[in-house]
Amino acid sequence: MLPQQAKKAIAGSPKKLANLIDLVNLPSTLREFVGQSQISRLGCFMHVWSYIKTNNLQDPNNRNVVNCDEELRSILLGKPQVELSELPMLIKLHFPKEPK
Amino acid sequence: MGKIPPSFRTAKLPLTSLLKNPQSLPKQSPNETLDQPHRHFPLSKKPIKKKHQSSLKTLTPSSQNPNSIAFNSPNLSDAKKLFNSIISTSPFPLDLRFHNSLLLSFSQISTNSDSLSFLRHMIKIHPSFSPDLSTYNILLTQSCNSPSDPDLSAVRQTLDLMVTNGFPPDHVSTDLAVRALCSVGREDDAIELVKELSLKYSPPDTFTYNYLIRHLCKTRVLSTVYNFIDEMRSLVCLKPDLVTYTILIDAVCNSKNLREATRLLGVLGEAGFKPDCFLYNTIMKGYCILNRGSEAIGVYKKMQEEGVEPDLVTFNTLIFGLSKAGRVGEARKFLGVMAEMGHFPDAVTYTSLMNGMCRKGDALGAVALLEEMEEKGCSPNSCTYNTLLHGLCKSRLLDRGLELFGLMKSGEMKLEASSYATFIRSLCRGGRIADAYEVFDYAVKSKSLTDVSAYSVLESMLKSLKKAKEQGNAC
């Protein structure tokens with residue numbers, strides 16, 4: 001996928017953008033983790049990623065892997081280890097598409 | 001290239017510079033607002049200036065409280081009250097410039113009719129204040145600034161007011177009105193107004209004329225611009241000058257219409273103008289946009305034949321064009337030529353050349369050029385680094401890319417969208433997701449991109465990576 005295309009995809013579709021930055025009412029599990037009742041998908045990703053960084057949860061041997069602690073496990077499907085590349089997809093699960 | 005530097009214009013007119021940052025004025029503290037005229041009327045006599053300043057010093061502390069919210073509300077009665085309190089507390093007579101700056105800052109947040117009432121109020125309360133042309137120009141600018149005004153009725157009203165008060169609009173008024181109208185996208189009204197003003201009062205000067213032409217070139221089709229030029233020629237005998245032709249040629253070159261540019265070049269010769277360095281640079285740029293390197297060199301040769309001294313921009317354009325067309329070898333030769341002629345290649349020159357080398361796949365050569373450039377005492381800018389980063393990623397030299405990224409980080413340079421995306425993609429493909437996340441963090445922290453675009457690039461790259469893995473052809 002070319003970068004220009006990726007850029008165009010975002011600029012050209014307000015729906016995708018809205019999907020990323022609209023505030024959403026959170027389910028209870030996520031609410032406890034984030035500490036807010038509403039957050040956007042982007043905000044949630046930033047929050048989780050900064051949580052991983054501040055708690056040094058990246059595996060020292062392979063930094064592409066995150067060793068989940070209790071709290072992180074509760075929101076990421078209970079997995080003990082998560083690959084960084086999966087992170088956006090896992091977070092997206094908490095933000096289902098709105099039924100039309 | 002071929003553009004009139006903004007300083008050209010503002011230096012000539014005190015009032016235009018007064019209008020340069022209309023947003024910032026009302027927010028300033030009252031002290032600063034009152035100080036404004038000093039900076040913008042540098043020719044005023046010194047004794048008056050001193051007197052005025054001293055009056056301000058005594059004035060501000062006493063009226064600090066009502067003044068601290070100076071013209072925060074567009075409400076007319078508030079403004080009147082404020083004015084009354086300043087008048088009653090000021091022990092010194094206030095001059096015209098003071099009233100003008102008050103009116104200006106009020107006009108920036110209020111409606112046209114309110115400003116007019118405020119002006120009338122000031123005249124009534126303070127009879128020694130007699131407004132002059134600059135005062136009315138403030139009102140004129142305001143009436144032109146409103147985004148919607150069918151049939152120019154508000155503008156016409158102001159013009160009538162100016163005439164009845166004995167201050168018919170001059171070329172300064174025309175200039176202010178045209179700039180205000182263009183800034184809110186009312187080009188058709190601007191054309192209309194210029195025609196009307198030239199017939200009734202005073203024709204625009206060449207600066208206003210060229211400004212309007214340039215603005216029209218950007219926003220309207222070419223035939224509109226030509227119509228306007230023809231009309232002005234028949235109305236007030238205002239003929240396009242060399243600057244106008246440069247603007248026109250620049251516009252047609254940007255729209256890749258080189259045939260028209262050649263025609264204009266002929267017209268310009270017939271009108272008795274000789275192309276200067278600026279114009280040649282513009283034409284050369286036109287050829288470079290179209291990747292026509294031979295023609296660009298042709299322009300360079302023509303300049304030499306005509307005895308026009310090429311400048312740094314000429315060489316930069318030429319090197320950029322040749323690199324873009326994939327003729328890096330020739331571009332490098334010109335690096336030597338320009339040094340011989342006493343022009344020092346700058347960051348733009350080197351970056352164009354690096355860009356060409358990277359396009360050819362010679363990223364390492366480009367990095368070598370970076371060293372050469374730094375040896376010669378020319379410091380690279382963020383564009384240089386972005387170009388190199390892009391090139392290194394394209395040539396799959398990830399380690400060198402990361403090294404360069406470290407340099408950029410320490411230099412606090414911003415990432416450009418395209419090099420960011422390429423870098424992220426190569427990192428993800430190379431399985432260095434953690435590094436990609438780090439780059440993402442830096443892009444967000446350094447405010448190179450918005451959070452949204454930075455994240456969406458990362459997300460889409462990871463997604464396509466996953467897809468590729470599922471299909472079993474991950475790189």
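**Two chains and a shared core**

In chain A, residues 24 or more positions apart account for 27% of the contacts with a separation of 6 or more, where contact means heavy atoms within 4.5 Å. This is a predicted model, in which local features need pLDDT of at least 70 and side-chain atom pairs count only at pLDDT 80 or more, while totals for chains, interfaces and linings use all residues. Residues are numbered from 1 along each chain as its sequence is written, chains are lettered from A and ligands numbered from 1 in the order in which they are written, and side-chain values use heavy atoms, with hydrogens and water left out.

Chain A carries 6 helices and 4 strands, these being DSSP runs numbered from the N terminus (helices are H or I with at least four residues, strands are E with at least two). Along the sequence they come in the order α-α-β-α-β-α-β-α-β-α. Of its 100 residues, 40% are buried; buried means under 20% relative accessible area, exposed over 50%, and partly exposed in between (1.4 Å probe, protein chains only). The surface that chain A exposes is about 6200 Å², with carbon and sulfur atoms supplying 53% of it; these areas come from the Shrake-Rupley method with a 1.4 Å probe, and for residues only the protein chains shown count as cover.

Chain B is another story, with 28 helices and 0 strands. Its 475 residues are 50% buried, and about 22200 Å² of accessible surface goes with them, 55% of it belonging to carbon and sulfur atoms. Among chain B contacts between residues at least 6 apart in sequence, 66% join residues at least 24 apart. An unreviewed UniProt entry puts "repeat: PPR" at residues 241–275, 276–310, 311–345, 346–380, 381–415 and 416–450 of chain B; positions follow the numbering used here, feature names are shortened, and such annotations may be inferred rather than shown by experiment. Two of these spans can be described from the coordinates. Residues 311–345 of chain B are 74% helix and 0% strand, with end C-alpha atoms 11 Å apart. For residues 346–380 of chain B the make-up is again 74% helix and 0% strand, and the end C-alpha atoms are 9 Å apart.

Next comes the packing. The largest nonpolar core holds 156 residues, and A:Leu72, B:Tyr420 and B:Phe440 have the most contacts inside it. Such a core is a set of buried Ala, Val, Leu, Ile, Met, Phe, Trp, Tyr and Cys residues joined through side-chain atoms within 4.5 Å. Helix 27 (residues 433–445) of chain B gives the most to this core, with 9 residues. Setting aside residues up to four places away in sequence, B:Phe440 touches A:Phe45, A:Met46 and A:Trp49 on chain A, plus B:Tyr420, B:Ile424, B:Ala454, B:Tyr455 and B:Leu458 on chain B.

B:Phe440 also turns up in a ring cluster, where ring pairs link it with A:Phe45, A:Trp49, B:Tyr437 and B:Tyr455. Rings of Phe, Tyr and Trp (its six-membered ring) pair if their centres lie within 6.5 Å, with planes under 30 degrees apart counted as stacked, over 60 as edge-to-face and the rest as tilted. That rule yields 15 aromatic pairs over all chains. One of them is the tilted pair of B:Phe106 and B:Phe118, at 4.9 Å centre to centre and 50° between the planes. B:Phe106 sits in helix 8 (residues 96–107) of chain B and B:Phe118 in helix 9 of chain B, so the pair ties together parts 12 residues apart in sequence. B:Phe106 is buried at 0% relative accessible area, and B:Phe118 is likewise buried at 0%.

Two aspartates of chain B make side-chain polar contacts, meaning a pair of N or O atoms within 3.5 Å (within protein, one must be able to donate a hydrogen and the other to accept it, and residues adjacent in sequence count only if both atoms are side-chain atoms). B:Asp175, in helix 12 (residues 171–183) of chain B, is buried at 0% relative accessible area, and its side chain meets that of B:Thr208 at 2.8 Å. B:Asp132 lies in the loop between helix 9 (112–125) and helix 10 (133–145) of chain B and is partly exposed at 25%. The side chain of B:Asp132 pairs with that of B:Ser134 at 2.6 Å.
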